[in-house]
Every structure is written in C-alpha cells, then in structure tokens.
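Please work through the exercises below with the structure in view. Each task is followed by a solution in steps.

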Amino acid sequence: MKSKRVFLFRLVFILVLVAVAAVMLVIGRGHTVYFDNVELDYQGTTYETPYKLVIYTGGEEVAKLYDGERGMATCIGQSLDLTLEITQEKGGEEELVSVTLPLPYNMDGVVINLSAYLQDLPEEAYLSEFVPVVTETGDEEDVVIPGDDMMMGDF
Amino acid sequence: MEHSATLDARKSVFAVMLQRFGLPRLIIAGFLLLLFIMAPFVGANLTVQIGNVINRFSWNAVLVLSLVPMIHSGCGLNFGVPLGIVAGLLGGTISIQLGFTGPMSFVMAIVLATPFAVLMGIGYGALLNRIKGGEMMITTYVGLSIISFMCMMWLLLPYSSPTMVYGLSGTGLRPTISLEGFYDKVLAGILPIPLTEDLSIPTGTLVFFALLAFLIWAFLHTKTGTAMTAVGSNPSFARASGINVNKMRLLSVVMSTWLAAIGILVYQQGFGFIQLYTAPNNLTLPTVAAILIGGASINKASIPNVIIGTILFQGIVTMTPTVLNSMIHMDMSEVIRIVVSNGMILYALTRKTEGLR
Amino acid sequence: MKTKHGFQKKLGQLVLDNSVPIMFIIICAVCIPLSGFSPSYLLNEVVTRMGRNTFLILCLLIPIIAGLGLNFAMTLGAMAGEIALILVSDWQIWGIPGVVLAMIVSIPISILLGLLCGKILNRAKGREMITSYFISFFMNGMYQLVVLYMMGPIIPIVHESIKLPRGYGIRNTVSLLNMRQSVDNLLAINIGGVKIPVLTFLLIALLCLFLIWFRRTKLGQDMRAVGQDMDVARDAGINVDRTRIVSVLISTVVAGFGMILYLQNMGNISTYSSHSQIGMFSIAALLVGGASVEKASIGNAFLGVILFHLMFIVAPSAGAQVTGDSMTGEYFRVFVSYGVIAIALVMYAAKKRRARSNAGQLLAEAQKQEENA
C-alpha cells in the first residue's frame, strides 16, 4: 500500500516536472526579430512605406526606422507586443498603434515587414525567416582539451 | 561424458585465466592486437609503429618501475610520483646551470637529483607513516601541491643559464627546455639498432632499464626486500616477527622517489626536452595506469607487470591516433587515453578481493 | 587560577580546531593591502562569487553526512548541468525559462550519473574519496566522448554557432548570452554600488532549508547512522548501500543545479574545462571554511566561500606586487588550494588512525581487566 503511494507520488512529481518543462519550452523560446520598413511588391500591388516608424517594446525604444531601414529586437515567448509610433509623412501627425505579433516557433530569426503588416496583408507576405549568412573564417577551430588538468583558471 | 569433462576443464582453465588476467586487461590487450592487425590495412607502416612503441616504452619504463617498491611495502599506488619527478627536474636543471654538457650532464643530473630525492622521500615517507590507510588520497594531493609549489619556484629560483631562462627578463625558467648539447638521447644513442632512416631501437635506454629492473628484482629477494614485501602483505604479522614496519615503509618511499627522479631524467633524454611547470602532472596517471594494465593491483606488483603494462599502455597511446585517424577520420586517441587509464585505476580500486587493510 | 588555565586550554583547542580558517584569515589580511584593491571592489566581487558558487559547495554536505567523505565526483553533476545547458541553448530557450528548463533536463542525467557513481562507490568502501576522484576523471573522458563526437550525429544539434566547423562536436565555448545573469538580475538590489543578486541568494537559502530539513527526516537520520558506523547501521536494519547511493544521488542533482546557476552567472560555458575545476575548487573552499572530511556545516560553506574567494581575488595582484610576476600569484593560489586539501586529508587520516589505536588500547585494557577479575 505504502509503496503504491510512493509510486503515485513519484509519478505525479515527474509529470509536474515534464509539464513545467513543456511550459518553459513554450514561454522561453527566444527569437530575434528584425523589423523592415521597406516597400513590398505583393500580388502585383506595391505597398508604400510610412516616413518614419519608432518601435517600442515594454516601454523602451528599440528602433527608429526611416524608409528602407531595418531594426532589431530580441524577444522571449510566442508573441511580441509592440507599440508603434507612425509618422506617415515628413512633418505629419504621429499616430500610436499597439500590435501583437505572433511568432512562429521554429524560426530563430524572424523578419517582419512592418509596412506590409500595418496594411493587413496575410502572414506569408509580411513574415519571412532570417537566414544568417554563415561566415566561415577559414581557420578551423582547434579543440583544446585540457589534459589531467591542474585547475589553472578562474572559479 | 569424457568429452564434456574436458570441455568443463577447458572452460575452468579459461575462467581461471580470465580471473588472473582480468577482463579489462584482456579487452585492452585485444584492442591493441586489433590495432596492430588493422595498421597495415590503413596504410600505417608496421615497422615504424613498433619502433615508436619501443621508443616510448624506453622513455616511460623507469617511471613505471618506480611504483614497485611502494606497492610492495603496502603504501598503495604512488600518486605522488610528481615528488620524485620534481627531484629529477631539479637535478637536471641544476646540472645544466652548473655548465655540464653531453653525457656528463646526465651523470651529474642523477648525482644532483639524488640528495633531493632522498630528502623529499624521507619527509614524504615520514608523512605517509602517520596516515596509514589513507595513503592514496594524500599522495595525490601531495603530488599536486608539490607541482604547484614548484611552479612558483621555477619562476623565483635564481637560475641564470641562458639556455633555460626567458630571453627577455633573464629570470624564470622556460616551460620547455631543449636538451640538445646536453643529455638529449644520451642513453638512446648507445649502440642503437636502426629500423628506418630516423628511427632506431634505443638499446642503451633498454639496457639501462633492464639494469635498474634487475637491481629492484634482486633487492626484493634480499632479506630486506622480503621484509618489505611482508610489511605490505601482512603488517601485523611483519610486526610480530620483529620487522620495523615504519622503517621498511620509509625505505620503500625513498626508493620510489629516487627511481621516479631517475625515471624523469630517462624520459627527458628520450624525449629531448625538459618540461617544467604543470607538465609533470600529465605523467602521473599514465604511469599508474600502465602498471595496473600490466597486471599489478593495489598491493601486488612485479617487474613483468611493469614491462607488459608499459608496452600495452604506450602501444595504445601511440597506435590509436594513427590507426583510428586513417580509419574513421576522427582523432579519438585523447578520449581513449583518458577512459582507458582512469577506467583501469577505477577497476583496481573497486576490486572486492583487496578489501580494507 | 584553575579556570584561567582551563580557558587557555579551551582557547588553544579552538585555535587548533579552526587552524585552516585562521591561516586563511592571516593570508587574506596580508594580501589585501598588497593587492591594492578597493574595499568596494572586493565586496562586490565576493558577493558575486558567493552567489555563483555557494550552491555548488553546499552539494558536498550530504555525502559527508553519509560518511562518504569529500565527494570529488560532484563533477558528474556539473557535467550533467553543462550538457543540459548546451541542449537548451541549442533549442534557443532564453532567460529564466531557459535556466528552469536546463535544471529539469539535468535531473535525469544527474540521476543516471549519480546512480552509477553510488554503485561504484559501494564497491570501494573505505576508499570512497580516491575512487570518487577517479570517477570524475573517468567520466570526464565519457563526457568528451558524448560532447565531442556524439553531439551532432547522434544527439541532434541544429545551430552552427554551437557546433564545431567540422560538423560534429561542440565548440570550446558556448555562449549563454541570452540567459546571462537572468537569475541574478531578477530582483537584484544595489546597495552602495554593490549588486546583490537576491533571487540567487533566495535559492541558496532554500537549499539550506532543505538541508536542515533533510537532516531531520528518517532518511537523513539513517544517513547519519551509516556515516557513523556502517555495521551498526546494517544491524539496525538500515539498507546501507541504498542510503549511500541516495546521498550521492542528491549531491549530484544539486551539483547539476549549482553548475547551471554558476554558468548563467558566467555567461558562457567552457565546454571542456568548466566542470573539471569545479570539484577541486568547491572542496578547497569548503575545507577553508573549517570543514573536515567527516564533519561539515552550512556555516563552513559560507565562511569558506568568503575566505577562499578573497584569497583567490587578491593573490595574483599581491603576487605581482611582491615578485613582479603575476603568474607567481596565480600559481600561489593553486598551491594554496591543493595544499589546503592535502592538509585536511592528512589531519583526517591522522585523527582516524589515532582513534583506531585508542580504541585498540581501550580494548586491550578491558581484556586485561577481565583477565585480572
């Protein structure tokens, strides 16, 4: 009887750990998000860009984009809350918009064309994956395996 | 009926052999054999390989031999080899500092290392006599302490020979000192048997080792030697028969330390360089693992154990990089070395038959 | 007159019992002025290092209770923590969730390694310390086998930034930039220029509470019994082998957590060397705090962390001041770390031997009395 209870207790404990791990996998996924403020041709139409975009996340300014510029922010979780300060034309009125961008799980780097997003285009139009250019420096990195080490170094 | 009986007998003979030889040793020997068989297929020159193994054997054998006296007197595996090595390093560097060159520098290195080895050995032995039962852990840390202490000393001692100190500051010994013009290949160069253009069997070193091994063997068969073995195998019996246990242990420690000092000098003359600072630490584990692979245990060791073990261990160390590299294009030799040497030590430590003293 | 004498004797005993910490206080007192560091810098460093290392040092306490001595094989837990962190950083889980996930992932690896370690140590009763020392070396080889050859082809690793250019194996350093000090910075407060990582200290406090609670449980009591005398414990119906394995297991798991906390503070993993030094330094620090092979308290761990790290910080520049070469100081602190462990081991072995011969004498006297009677 007792062993059954112990077993049950352990099972519950393991399940809780697995559940926490699953939650962490979801809420801890990190993304690097790149914001583009560039013109976009989509299905024959060309979408114009605003003159200036200022992007805030969590009250902090992360990028100020003029036409044709790109900004970057890091984000943890499945979606990104943004506050955009949009100036359509030079000297024109500023307009504040709050948006929540869903981010795909399996992309490390996400490129978002904000002007396209703001004009309610579908996801495939404004969102694409950022593929880092692999810069091979040429020199093969040697693996340094310390021998029967003498614990030199910091602690 | 008869048939099965012989089968049984054969089986038991096999079992006894396995028991005596030990499974890990069998695996290691089999692995080495496999390496030798594979060597020609992957394009490695077998003569060169065997020559390399013999050479490396000649460098290391005396160091491995240095463990024997302490194992015999019951002090266990001497992880404090660095103590003797440090004595040898002091001898070698002082000999060069005093201006000796050529073969004379080797003789003087041995002469100068001796007082250091004896003094350190006496101190070390006295310490080990106070802590019977906990030797191995303490020898490990005594070894590590002396290496790190000497690291400071190599920087601070007033050496001035331009071949050894840093060029710019003029003080502090360099980590690696070339022995060219001093005792480089001084033993190996005696009557070498050439194998290929730049490889030969170091007859002189092998004879030197044989001489030392014979001396140890002879010593172990003298009255003092048997008394030492008695102390190791059964201390209370030894005490009852009037042997001074502490004196025997002290003698064995001094012998081990002195042999280790000679051992490092032999290693250096083969290798061609003196390595200072943390380098001596890298010799401890290979040395201890070698004697264990050769069939020694924590309280039993013989000269054949030394020879077989050094050949097996150095064989694996030299063969794995070449053979595995050309076979699977991966250099796994370092990992294999770590796993084999430490695995062997673990095996020896966990053998139930050798329980507590 | 007599009380004064008694007091002196007591004081002498106190000094003798705490000779290692006192020696260290003297070393620090000499080195601090020589090093020329400002007190606020030193305070800041010590607080950071306390947060970084105390967890790791506390993991050594439970095996000591169970009579296994200093658990050199705590490195196994550190390896488990590193493997977990490598995986988590490849999955791109950042920040605190990354730390939590790494801890959860490390648990099964730690349990497996701890189980193995405990089993081996049960076969080497009476020389646990030297055996655990070599288990750590042996498993270091296994760790390299996994990380250097199996990660990539067998264990999937996606990101090129973690893998070696040759396509398998992990780079020398893995960056933890995205979870760097995430635990330390949450709830951190700044007092007079000294940053105090409150959450990390809370975690350490939690572990201390666990240790205090654990000592009072049935299992904790069993462990103490096993630590005092295995045969007596066995006669009392305690499963000695199992109790010892559990103690190693807990130590390994805690070491894994400690390593993760340590590395999130450092901000990167030195894949092939981080773990190998951890065991030695942690043990040295615990011993500096006045612990011995058979007796260690939470207080020892804290005192040890402070003293050891003070020495660690000031030794190189103090050495440079005295000898003109900063390497001397670095070698000095390595020497002191090893020396302290050596001294503690010698004192323990000598004491054990004295106790044994005392017991022998008592037995002989008792026999003599019996014969006389």
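The exercises that follow concern a predicted model.

**Exercise 1. Confidence**

Establish how confident the predictor is in chains B and C, and find where in chain B the confidence is low.

Solution.
Step 1. The scores of the model are ipTM 0.85 and pTM 0.87.
Step 2. Chain C has a mean pLDDT of 89, with 99% of its residues at 70 or more. For chain B the mean pLDDT is 86, and 94% of its residues reach 70 or more.
Step 3. Among the elements of chain B, helix α1 (residues 2-21) has the lowest mean pLDDT, 64, while α8(B) has the highest, 94.
Step 4. Residues 353-357 of chain B have a pLDDT below 50, and this stretch makes six contacts in the model beyond near neighbours in sequence.
Step 5. Where pLDDT is low, predicted coordinates should not be read in detail.

**Exercise 2. The make-up of chain A**

Describe chain A by its helices and strands, its burial and its contacts.

Solution.
Step 1. Chain A holds three helices and ten strands.
Step 2. Read from the N terminus, the order of its elements is α-β-β-β-β-β-β-β-β-β-α-α-β.
Step 3. Of the 155 residues in chain A, 17% are buried.
Step 4. Taking the contacts in chain A between residues at least 6 apart in sequence, 57% join residues at least 24 apart.

**Exercise 3. Two helix crossings in chain C**

Determine how α13(C) is set against α15(C), and how α2(C) is set against α14(C).

Solution.
Step 1. Helix α13 (residues 274-288) and helix α15 (residues 326-372) of chain C have axes that come within 9 Å and cross at roughly 60°. Because of this angle, α13(C) is oblique to α15(C).
Step 2. The crossing of α13(C) past α15(C) is left-handed.
Step 3. On α13(C) the contact is formed by Met280(C), Phe281(C), Ile283(C), Ala284(C), Leu287(C) and Val288(C), and on α15(C) by Ser337(C), Val340(C), Ile341(C) and Ala344(C). Sorted by class, the contact of α13(C) with α15(C) comprises nine nonpolar, one polar and no charged residues.
Step 4. For the second pair, the axes of helix α2 (residues 19-35) of chain C and α14(C) come within 8 Å and cross at roughly 40°. Therefore α2(C) and α14(C) are oblique to each other.
Step 5. α2(C) likewise passes α14(C) in a left-handed crossing.
Step 6. Residues making this contact include Phe24(C), Cys28(C) and Ile32(C) of α2(C), and Leu307(C), Met311(C) and Val314(C) of α14(C). By class, the contact of α2(C) with α14(C) has 16 nonpolar, three polar and no charged residues.

**Exercise 4. The contact between chains B and C**

Which element gives the most to the side of chain C that touches chain B?

Solution.
Step 1. Chain C contributes 38 residues to the contact, and chain B contributes 34 residues.
Step 2. In chain C, α7 (128-150) and α15 each supply at least two residues of the side that touches chain B.
Step 3. α15(C) gives the most to this side, with 16 residues.
Step 4. The side of chain C that touches chain B has 25 nonpolar, eight polar and five charged residues.

**Exercise 5. A helix of chain B**

Identify the buried residues of helix α9 of chain B and the elements against which they pack.

Solution.
Step 1. In helix α9 (residues 223-233) of chain B, the buried residues are Met228(B), Thr229(B), Ala230(B), Val231(B) and Gly232(B).
Step 2. The buried residues of α9(B) pack against α4 (68-72), α8 (203-220), α10 (235-240) and α11 (245-271) of chain B.

**Exercise 6. Single residues**

Is Phe302(C) buried or partly exposed, and where are Leu191(B) and Leu187(C) found?

Solution.
Step 1. Phe302(C) belongs to helix α14 (residues 298-323) of chain C. Phe302(C) is partly exposed because 18 other C-beta atoms lie within 10 Å, whereas a buried residue has 20 or more.
Step 2. Leaving aside residues up to four places away in sequence, Phe302(C) touches Thr54(C) and Gly289(C).
Step 3. Most residues other than glycine have a negative phi. Leu191(B), however, has a positive phi near 45°.
Step 4. Leu191(B) is in the loop between β1 (176-178) and β2 (193-196) of chain B, and is exposed, with 11 other C-beta atoms within 10 Å.
Step 5. Leu187(C), also not a glycine, has a positive phi of about 65°. Leu187(C) is in the loop between α8 (182-185) and β2 (189-191) of chain C, and its 13 C-beta neighbours inside 10 Å make it partly exposed.

Key:
Residues are numbered from 1 along each chain as its sequence is written. Chains are lettered from A and ligands numbered from 1 in the order in which they are written. This is a predicted model: local features need pLDDT of at least 70, side-chain atom pairs count only at pLDDT 80 or more; totals for chains, interfaces and linings use all residues. Axes are lines fitted to C-alpha atoms, for helices over the stretch in contact, and angles run from 0 to 180 degrees between N-to-C directions. Helices (H or I, at least four residues) and strands (E, at least two) are DSSP runs, numbered from the N terminus. Angles under 35 degrees count as roughly parallel, over 145 as roughly antiparallel, 65 to 115 as roughly perpendicular and the rest as oblique. A crossing is left-handed if the near helix is turned anticlockwise from the far one by less than a right angle, and right-handed if clockwise. Two residues are in contact if their C-beta atoms, placed from the backbone, lie within 7 Å. Ala, Val, Leu, Ile, Met, Phe, Trp, Tyr, Cys and Pro count as nonpolar, Asp, Glu, Lys and Arg as charged, and the others, Gly among them, as polar. pLDDT is the predictor's confidence in each residue, from 0 to 100. A residue is buried if 20 or more other C-beta atoms lie within 10 Å of its own, exposed if 12 or fewer, and partly exposed in between; C-beta atoms are placed from the backbone.
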